[in-house]
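Work through the exercises below with the sequence and the coordinates open. Each task is followed by a worked solution.

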Amino acid sequence: MFKIKKFPNAFTILLGLIAFFALLTHILSAGQYERVFNEALGRDVPIPGSYHQIEASPQGVLDTLMAPISGFYDPATNIVGAMDVSLFVLMVGGFLGIITKTGAIDAGITRIMIRLKGREIMMIPILMTLFALGGTSYGMAEETLAFYGLLIPIFIAAGFDALVAVAVIFVGSGIGTLGSTINPFGNVIASNAGGVDFLDGFGLRLGILVIALIIGCVYVIRYAKMIQKDPSRSLIADINKANADHFLANRNDSDLDVALTLKQKIVLALFAATFVIMIYGVSTLGWWMAEMSTLFIVMGIICGIVGRLSEDDLINSFVAGAADLIGVALIVGVARGIVVVMEAGNITDTILFYAEGLVAGKSSVLFINAVYWIEMLLAFVVSSTSGLAVMSMPILAPLADFANTGRELVVTAFVCGIGTVLFVTPTYGVLMGGLAIGRVPYITWLKFIGPLVAFFVVLNTIMLSLGASVLG
């Protein structure tokens, strides 16, 4: 099997970057841009050509060690940094924990399986669409690992191979990440770090989502029909027999014949309504992190009550769900520590000054595609969506002001960049975990997914270029 060397943990990478940028405060000249209020953007923006050097503020050992804490809030002023975003992440995790405990999502998937018996090929577009909706709405990723054990036996029994099941789950949710629309861990955090409303750029990202999903479904269906007709053409034909013995050994179809109860139907409706309310609150009522966090707490409690969870089950599932995302919540604050060090050392504008030279005179189309490729390269190292958002957006988003491009387009480039790379990067635990559960070799996965990823690169390049030409 293809061996992959272990990559550093995301926290290790981010802490290393804090130390690196602290060192840069001793090397780079401190400087600032003159800024002017932009009515269209509703904030101060740097004036190109106004950069000037100021007194240096090199960051010492204590400053560097405190940077991860200062990423959450400024100890000197008590001004909130990433604390509100981290709390929001925990509330979303608690909400998802309650939804999972009610069994509504698992039951819904199971009912779809039963209704499509004899028309198994239709499982592919339906399930991929559902997983994509999960990815684009609430960043469904780690949660998909629970579905491999449920769906792989069903797909193998229907005449497909384990690779089809893995593709349905991972490609479906991955396309949701690629075309994130209201994903709290993708474009919401990235937009917050970039200083724009997360609904800005919604239309372009929705277009990417729809096109990518259609092509993704066609791609997986084509492969599934091919091996259903001729099993010898399976990319894992040499282990299909062993996989069938492994996954179908203890399968009992009667266990799947369970009805979707009324309470589960209501929970699913409330689950969808939560995100509708969130969009309305942000776009119309001026909501932000505190209000959205409150929404997820309240809706989680309501879903738990409707799902007939006991007091202990409701609270414990909320706490467990929040605990599952504690790493994400912490990484948001730690990543912001990079920005803290740069701003305290007055080198943020210096780096912008150097970058301004790179984009000066460049068209918005060239600029936005450069951002896309930068994000793809960074995503190979930092596979955490939220971590990369907080790390890269404060640097890359302001560059849009120099390139006459909307910052929301930079957010879209970020989402597309990390969404593309997560299909192939071995640093992504969800990918490697899913392949391990499905018993699909990593090198085989690369052979299968390669052409589709190439299409996504072309699609994103075209859509970002159109966005820069029409909206930039």
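The exercises cover helices, salt bridges and cavities in this predicted model.

**Exercise 1. Compare the end-to-end span of helix 12 with the span expected at 1.5 Å a residue, then find which side of the helix is buried.**

Step 1. Helix 12 covers residues 289-306, which is 18 residues. The expected span is 1.5 Å times one less than the number of residues, so helix 12 should reach 26 Å. Its end C-alpha atoms lie 26 Å apart, in agreement with that value.

Step 2. List the residues under 20% relative accessible area. In helix 12 these buried residues are Met289, Met292, Ser293, Leu295, Phe296, Met299, Gly300, Cys303 and Gly304.

Step 3. Place them around the axis. They cover an arc of only 155 degrees, and therefore sit on the same side of helix 12. An α-helix has 3.6 residues a turn, so residues three or four places apart point the same way.

Step 4. Turn to the other face. Ala290 and Ile305 are exposed there, on the face of helix 12 turned away from its buried side.

Step 5. Check the backbone past the end. Arg308, just after helix 12, has a positive phi of about 60 degrees.

**Exercise 2. Repeat the span check for helix 5 and helix 18, and state how many residues of each are buried.**

Step 1. Helix 5 (residues 123-138) has 16 residues; the distance from its first C-alpha to its last is 22 Å, close to the expected 22 Å.

Step 2. Of those 16 residues, 12 are buried, so helix 5 is largely enclosed by the rest of the structure. Among the buried residues are Met123, Ile124, Pro125, Leu127, Met128 and Phe131. Gly139 follows helix 5 with a positive phi, near 70 degrees.

Step 3. Helix 18 (residues 407-421) has 15 residues and an expected span of 21 Å; the 22 Å between its end C-alpha atoms agrees with this. In helix 18, 14 of the 15 residues are buried, and the helix is mostly covered.

**Exercise 3. Find the salt bridges and decide whether each partner is buried, partly exposed or exposed.**

Step 1. Side chains of opposite charge can pair when their charged atoms come close. A nitrogen to oxygen cut-off of 4 Å is applied, and the structure holds two salt bridges.

Step 2. One joins Asp245 and Lys241, at 2.9 Å from N to O. Both belong to helix 10 (residues 240-248), where a separation of four residues puts them about one helical turn apart. Asp245 has 43% relative accessibility and counts as partly exposed, whereas Lys241, at 59%, counts as exposed.

Step 3. Another joins Asp401 and Arg407, with 2.6 Å between the closest N and O atoms. Asp401 is buried at 16% relative accessible area, and Arg407 is buried at 9%.

**Exercise 4. Count the cavities and describe the lining of the largest cavity.**

Step 1. Rolling a probe the size of a water molecule over the atoms shows where empty space is left. The count is two cavities of 30 Å³ or more, and the largest has a volume of about 60 Å³.

Step 2. List its lining. The largest cavity is lined by Met140, Ala141, Phe170, Ser173, Gly174, Thr177, Gly419, Leu422, Phe423 and Tyr428.

Step 3. Sort the lining by origin and class. Helix 7 (residues 162-178) gives the largest share, four residues. Six lining residues are nonpolar, four are polar and none is charged.

Methods:
Residues are numbered from 1 along each chain as its sequence is written. This is a predicted model: local features need pLDDT of at least 70, side-chain atom pairs count only at pLDDT 80 or more; totals for chains, interfaces and linings use all residues. Side-chain values use heavy atoms; hydrogens and water are left out. On a 1 Å grid over the protein atoms alone, a cavity is a set of points where a 1.4 Å probe fits but cannot get out, and a pocket is an open set with protein on both sides within 12 Å along at least five of seven lines; lining residues have an atom within 4 Å of a point. Grid points are joined across faces, edges and corners, and a volume is the space filled by probe spheres set on the points. Helices (H or I, at least four residues) and strands (E, at least two) are DSSP runs, numbered from the N terminus. Ala, Val, Leu, Ile, Met, Phe, Trp, Tyr, Cys and Pro count as nonpolar, Asp, Glu, Lys and Arg as charged, and the others, Gly among them, as polar. Buried means under 20% relative accessible area, exposed over 50%, partly exposed in between (1.4 Å probe, protein chains only). The arc is that of the directions from the helix axis to the C-beta atoms. A salt bridge is a side-chain nitrogen of Lys or Arg within 4 Å of a carboxyl oxygen of Asp or Glu.
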